[in-house]
Amino acid sequence: MRFPKAYSGVKLLFIAEILSLVVVTMAICLTLVALLPDMGVMALWFLPALPMSIAAVVLIFVGLSSAKAEEPKFKTAMIFMICSLVSAFVMAFVMVFSMVLSIDFSVNPPAVPQPSGVFSVFPSIIGSILSACAFIFIASGVINLAEKLGDEAMAAAGRRFQRVYVVFTALSAVVNIVSYFVRRGSPNAAFNYTSLISFPLTLALAVITIVFLGRAKNMLAR
C-alpha cells in the first residue's frame, strides 16, 4: 500500500457518505409523511438523524485531514467543505433571525412565517455549490493518486464523476429556483412537482458518490 493515509482518509469519506445517504433517505421519508400532523414521526426521525449527521461531518473532516498528508487536492477540498459548513450555519442563523423578526405576536398563537425569497432559495444553492467544489477536488485527489499508481481506468472514472457532479449540482440549482417560483403560487404544487425531481437527484448523486469512493478505496488498498 503506497498511500496508507490517503486510503484511511478515503475510507472514512466512504463511510461518511453511507451515513449521509441514510440521513437523506430518512429525510425524504419524513417529507413524504409530513403532510400528516404527527410530531411524533418528526421526533423519531430527528433523534437518530442528528447524531448520524454529526458523525458524517466528523468523518469527512478526519478523512480529509488524513488524506491531505499525501495529496494536496484533499486540503483544498477541506477548505471548501469548511466554507460549506460555515455557510450553512450562517444562512440558517440569518433565516431563523429573519423569521423571528417577522412573527406576528398580535394573534394567539403567534403566527410564525415560513422562510421565503432569498432565505429559502439561495442558501441551498450556495451550499450545494460549495459542497460540489469540495467533492470535485476530492475527485481530483483520487485522479492524481490513480495516475501515480498507473490506474488509468480509475483516473477516467474520477473525471466522469466530476462532470456528473457538476451536472447534478446545476440541475439541483434549477430545481430550487423553479420551486421558489412555483411555491409563490401554490405550495402543494411545489411539493408535488419539484420534489419528484429533487428527491431522485439527491439519492442518485449520493449513490454515485458512494460507488466512486468505494472504487477509490479499493484502488488505494492494493
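Among contacts in the protein between residues at least 6 apart in sequence, what share joins residues at least 24 apart? It comes to 75%, where a contact means heavy atoms within 4.5 Å. The model is predicted, with local features needing pLDDT of at least 70 and side-chain atom pairs counting only at pLDDT 80 or more, while totals for chains, interfaces and linings use all residues. Residues are numbered from 1 along each chain as its sequence is written, and side-chain values use heavy atoms, with hydrogens and water left out.

**View 1. The whole protein has six helices and zero strands.** Going along the sequence, the pattern reads α-α-α-α-α-α. Helices (H or I, at least four residues) and strands (E, at least two) are DSSP runs, numbered from the N terminus. Of the 222 residues in the protein, 35% are buried. Here buried means under 20% relative accessible area, exposed means over 50%, and partly exposed is in between (1.4 Å probe, protein chains only). The accessible surface of the protein adds up to about 12,200 Å², and 74% of that belongs to carbon and sulfur atoms. Those areas come from the Shrake-Rupley method with a 1.4 Å probe, and for residues only the protein chains shown count as cover.

**View 2. Glutamate 71 and lysine 148 pair up in a salt bridge, at 3.7 Å from N to O.** Glutamate 71 sits in the loop between H2 and helix H3 (73–101) and lysine 148 in helix H4 (residues 118–148), so this pair ties together parts that are 77 residues apart in sequence. A salt bridge takes a side-chain nitrogen of Lys or Arg within 4 Å of a carboxyl oxygen of Asp or Glu. By that rule, the count is three salt bridges. Is glutamate 71 buried or exposed? Glutamate 71 counts as buried because its relative accessibility is 3%. Lysine 148, at 43%, counts as partly exposed.

**View 3. Glutamate 147 and arginine 159 form a salt bridge, with their closest N and O atoms 2.6 Å apart.** Glutamate 147 belongs to helix H4 and arginine 159 to helix H5, so the pair ties together parts that are twelve residues apart in sequence. Glutamate 147 is partly exposed, at 36% relative accessibility. Arginine 159 is partly exposed too, with a relative accessible area of 32%.

**View 4. Arginine 222 meets aspartate 151 in a salt bridge, the closest N and O atoms being 2.8 Å apart.** This pair links distant parts of the chain, 71 residues apart: arginine 222 is in the segment after helix H6 (187–221), and aspartate 151 is in the loop between H4 and H5. Arginine 222 is exposed, at 61% relative accessible area, whereas aspartate 151 is buried, at 16%.

**View 5. Glutamate 17, in helix H1 (residues 4–33), is buried yet has no salt bridge.** How far away is the nearest side chain of opposite charge? That is lysine 217, 14 Å off. For charges, Lys and Arg count as positive and Asp and Glu as negative, while His and the chain ends are not counted. Leaving out residues up to four places away in sequence, glutamate 17 touches Ile60, Phe135, Thr209, Ile210 and Leu213.

**View 6. Glutamine 162 is found in helix H5 (residues 152–185).** At 16% relative accessibility, glutamine 162 counts as buried. Its side chain reaches the backbone oxygen of isoleucine 136 at 2.9 Å. Not counting residues up to four places away in sequence, glutamine 162 touches Ile136, Ala139, Ser140 and Ile143. Also in helix H5 is arginine 160, which is partly exposed at 42% relative accessible area. The C-alpha atoms of arginine 160 and alanine 139 are 9.5 Å apart, for residues separated by 21 places along the chain.

**View 7. Phenylalanine 212 has its place in helix H6.** With a relative accessible area of 6%, phenylalanine 212 is buried. Which residues does phenylalanine 212 touch, not counting those up to four places away in sequence? They are Ala139, Val142, Met154, Ala157, Gly158 and Phe161. Between the C-alpha atoms of phenylalanine 212 and valine 142 there are 9.7 Å, and along the chain the two residues are 70 apart.

**View 8. Leu50, Ile54, Val58 and Val62 make a nonpolar surface patch of about 330 Å².** Patches are made of residues with over 30% relative accessible area and no salt bridge; like charges are joined within 9 Å, and nonpolar side chains (Val, Leu, Ile, Met, Phe, Trp, Tyr) within 5 Å. One of the patch members, isoleucine 54, lies in helix H2 (residues 39–67).

Terms used:
Polar contact = N/O pair within 3.5 Å; in protein donor to acceptor, adjacent residues only side chain to side chain.
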